[in-house]
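Q: Please take one helix of this chain and look at it closely, covering what it packs against, how far it is covered and how its last residue is placed. Some account of the surrounding chain would also help.

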Amino acid sequence: MNDYSGYQKHIFKYNIYTFFLLFAISIFFLSFFVSCDINAHTFLKTESTIPNELSSLHAKAAILMDGDNQRILFGKEEEKELPMASTTKIMTCLYAIEHGNLSDKVVFSKRAASAPKVKLGAKSGSQFLLSDLLYALMLESYNDAAVAIAEHIGGDIPSFAELMNKKAKELNLKDTHFVTPHGLDDPEHYTTAYELAKITDYALENKTIAKVVSTKFYTININGYPKDLSNTNELLGNLNGVNGVKTGFTNNAGRCLVTSVDRNNFNIITVVLQADTKKF
């Protein structure tokens, strides 16, 4: 089963894991730092300061990372290699922005047009600005947009995947391997919660990416016709300080979410991989 836009909005709106994870960040951690009058960056991950509920999460892997210094505040199997579904598209977007031109015209190939759902549904030969496809990629998680971007930047999917892997090596990631630009299930396509958090931390330094993933609604142009996009991350705009980043779901990867929270000059990146239920 592939990523699906309509259902994702409801899945993540009521996903107890991700909500509690972010609730713990915004309420527990920030309140802890203020009440104890300490610097958040000196906080150490210890059993005595982690809420019991976090340790019992049913998600296969999760992490809370200080976005300013990459300190791990909480981790559960954070170094375990797992599929990451459409959170893959964070790297796809990053590489496209670093090596493409936002004003480039991207032409959909037959392969892009035939990509699995969720998809934009553009026909072969349709033209888009690269900037518009990046919004389609990150807000609605369109798989055909991912293929079109990969072909435009790398020539074909395998070549683009190698470029993604090269970037991963540049970021000193040892447990991440890309096969596709969209993250549909493949046994050789994986990362860890920790390394996905590192990718996200690096990506958010790019102002264009930060702007795209923090956008709730956007309108793109398809051959002269407007199409409205809505971000699949229901936490965006509904929880104070959330400014991205990406949802993901496949049968094998389960429910995945990468989130950035910025409040009181304190930034947290959270990653949840392979959550399998909405309850604790």
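A: The answer below begins with the whole chain, turns to helix α6 (residues 130-139), and then follows its contacts into other parts of the chain.

This is a predicted model, in which local features need pLDDT of at least 70 and side-chain atom pairs count only at pLDDT 80 or more, whereas totals for chains, interfaces and linings use all residues. Residues are numbered from 1 along each chain as its sequence is written, and side-chain values use heavy atoms, with hydrogens and water left out.

The chain contains ten helices and nine strands, where helices (H or I, at least four residues) and strands (E, at least two) are DSSP runs numbered from the N terminus. Of its 280 residues, 56% are buried, a word that stands for under 20% relative accessible area, while exposed stands for over 50% and partly exposed for what lies in between, with a 1.4 Å probe and protein chains only. Among contacts with a separation of 6 or more, 64% join residues 24 or more positions apart, a contact being heavy atoms within 4.5 Å.

Helix α6 packs with helix α4 (residues 89-99) at an angle of about 165°, and their axes are 10 Å apart. That angle makes α4 roughly antiparallel to α6. Here axes are lines fitted to C-alpha atoms, for helices over the stretch in contact, and angles run from 0 to 180 degrees between N-to-C directions; those under 35 degrees count as roughly parallel, over 145 as roughly antiparallel, 65 to 115 as roughly perpendicular and the rest as oblique. The crossing of α4 past α6 is left-handed, in the sense that the near helix is turned anticlockwise from the far one by less than a right angle, clockwise being right-handed.

From α4, the residues Lys89, Ile90, Thr92, Cys93, Ala96 and Ile97 take part in this contact, and they meet Leu130, Leu134, Leu137 and Met138 of α6. Eight residues of the contact between α4 and α6 are nonpolar, one is polar and one is charged, with Ala, Val, Leu, Ile, Met, Phe, Trp, Tyr, Cys and Pro counted as nonpolar, Asp, Glu, Lys and Arg as charged, and the others, Gly among them, as polar.

Coverage of α6 extends beyond the residues that meet α4: ten of its ten residues are buried, including Ser131, Asp132 and Tyr135. Leucine 139, which lies in α6, counts as buried because its relative accessibility is 0%. Leaving out residues up to four places away in sequence, leucine 139 touches Val212, Thr215, Lys216, Phe217, Tyr218, Leu229, Ser230, Asn231 and Thr232. With threonine 232 the sequence separation is 93 residues, yet the two C-alpha atoms are 6.0 Å apart. After α6 comes serine 141, whose phi is positive, near 60°.

Lys216, one of the residues touched by leucine 139, is also in contact with asparagine 233, as are Gly244, Val245, Thr247 and Leu257, when neighbours within four places in sequence are set aside. Asparagine 233 sits in the loop between β6 (225-230) and β7 (242-250), and it counts as buried because its relative accessible area is 1%. A polar atom of its side chain lies 3.1 Å from the backbone nitrogen of leucine 235, a polar contact, that is, a pair of N or O atoms within 3.5 Å in which, within protein, one must be able to donate a hydrogen and the other to accept it, residues adjacent in sequence counting only if both atoms are side-chain atoms.

Two of the residues in contact with asparagine 233, Gly244 and Val245, are joined by a cis peptide bond with omega near 25°, and valine 245 belongs to strand β7. Another cis bond runs from lysine 117 to valine 118, with omega near 5°, and valine 118 is in the loop between α5 (110-113) and β4 (127-129). Most residues other than glycine have a negative phi, and most peptide bonds are trans. Asparagine 265, in the loop between β8 (254-263) and β9 (266-275), has a positive phi of about 60° although it is not a glycine, and at a relative accessible area of 74% it is exposed.
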